[in-house]
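Please open the model in a viewer and keep the sequence panel visible. The stops below proceed by selection, each followed by a description of what is found there.

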Amino acid sequence: MKEKRIKSLDGFRVVAILVIVLSHMNFLGAYSYGNIWARCFNNATLGTDFFFVLSGFGIYLRGQKEEQPDLKHGMRFAVKKIQKIYHFYFIMLVVSVPYSIIMDMEDATFTKACIKAVIKFAGCMTLCQSAFGTSYTSHALIATSWFLSTIFLCYIVCPRIKKLLSVMNNSNNFFLIGVVLVITEIISVCFRNIEYYAQNKGIVYINDLFYGSPYIRIWYLVIGMIIGMIYEKGFLKNANKLIEISIQGGNSFGIL
């Protein structure tokens, strides 16, 4: 089947990217309009979650159906998805090593700082650093490397999830989205409470289960896959056409 680009999603991508970029402009908080930035624009989670949902949507529509989506196949699938940008990722890791050594030398010797940098580098190369729920590993060397790690780990189980969704009754897709949304909320609250409990008990290394872990983000991919199922059945396509007809009709009568 010939792939058709959904142009409306490109517009949403732009909005999501702008939200993420604005959220990382921390210097805006130093000015008089810092409160506006903090309340209205400092919300990278919104854009990030959108890209996970969008990724699940694309995987469902473009992914190949596999008869045996086991863990080995999931690993191959994840590697295939990541390999196009991995060499850029590797270069950024190499560039970040000297900076990591300099930062660790604030409370360690040069030798220990080098050893830490090597360990961080090795961990980041595996793309498994976000699995441990601690920012010390998930944000190692490159603060944003957690994203590629998390989505890589989520991709490993994507073929299996898609297989399970394909055998379900498609008439219950909207109900299924509701169930997954509830599960996502429950898991998010649980991990957030675990982080708060760990911090109160002095367990400072458990601090990234809520935002950067794959255990929550996988559910956003599932939401995207279910939306892909609904779209594939034509419901959303027909809804888009209905909206376009309504707008055109409004223009014809001078309403819009």
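A residue is called buried when its relative accessible area is under 20%, exposed when it is over 50%, and partly exposed in between, using a 1.4 Å probe and protein chains only. The model is a predicted one, in which local features need pLDDT of at least 70 and side-chain atom pairs count only at pLDDT 80 or more, while totals for chains, interfaces and linings use all residues. Residues are numbered from 1 along each chain as its sequence is written, and side-chain values use heavy atoms, with hydrogens and water left out.

**First stop: Ser138**

Select Ser138, which belongs to helix α6 (residues 135–138); helices (H or I, at least four residues) and strands (E, at least two) are DSSP runs, numbered from the N terminus. Ser138 is buried, at 1% relative accessibility. Which residues does Ser138 touch, not counting residues up to four places away in sequence? They are Gln129, Ser130, Ser145, Trp146 and Asp208, where contact means heavy atoms within 4.5 Å.

**Second stop: the salt bridges**

How many salt bridges does the structure hold? There are three, a salt bridge being a side-chain nitrogen of Lys or Arg within 4 Å of a carboxyl oxygen of Asp or Glu.

Begin with Asp10 and Arg13, whose closest N and O atoms are 2.4 Å apart. Both lie in helix α1 (residues 7–23), and because they are three residues apart, about one helical turn separates them. Asp10 is partly exposed at 22% relative accessibility, and Arg13 is partly exposed at 29%.

Next, select Arg217 and Asp49, which form a salt bridge with an N to O distance of 2.1 Å. Arg217 is in helix α9 (residues 214–232) and Asp49 in helix α3 (residues 44–62), so this pair ties together parts that are 168 residues apart in sequence. Both Arg217 and Asp49 are buried.

Then select Lys120 and Asp104, where the closest N and O atoms of the salt bridge are 3.3 Å apart. Lys120 sits in helix α5 (residues 110–126) and Asp104 in helix α4 (residues 71–104), 16 residues apart. Lys120 is buried at 13% relative accessible area, and Asp104 is buried at 11%.

**Third stop: α3 and its partners**

Display α1 together with α3. Their axes come within 7 Å and cross at roughly 145°; axes are lines fitted to C-alpha atoms, for helices over the stretch in contact, and angles run from 0 to 180 degrees between N-to-C directions. On the α1 side the contact includes Phe12, Arg13 and Ile20, and on the α3 side it includes Gly47, Phe51 and Phe57. The residues of this contact comprise 11 nonpolar, three polar and one charged, with Ala, Val, Leu, Ile, Met, Phe, Trp, Tyr, Cys and Pro counted as nonpolar, Asp, Glu, Lys and Arg as charged, and the others, Gly among them, as polar.

Now replace α1 with helix α7 (residues 145–166), which packs against α3 at an angle of about 35° with the axes 11 Å apart. Among the residues that meet are Thr48, Phe51 and Tyr60 in α3 and Trp146, Tyr155 and Cys158 in α7. This contact divides into nine nonpolar residues, three polar and one charged.

**Last stop: the cysteines**

Finish with Cys158, which is buried at 1% relative accessibility. The closest cysteine sulfur, in Cys154, is 6.8 Å from that of Cys158, too far for a bond. The structure holds zero disulfides, a disulfide being a pair of cysteine sulfur atoms within 2.5 Å. Cys190, by contrast with buried residues, is partly exposed at 42% relative accessible area.
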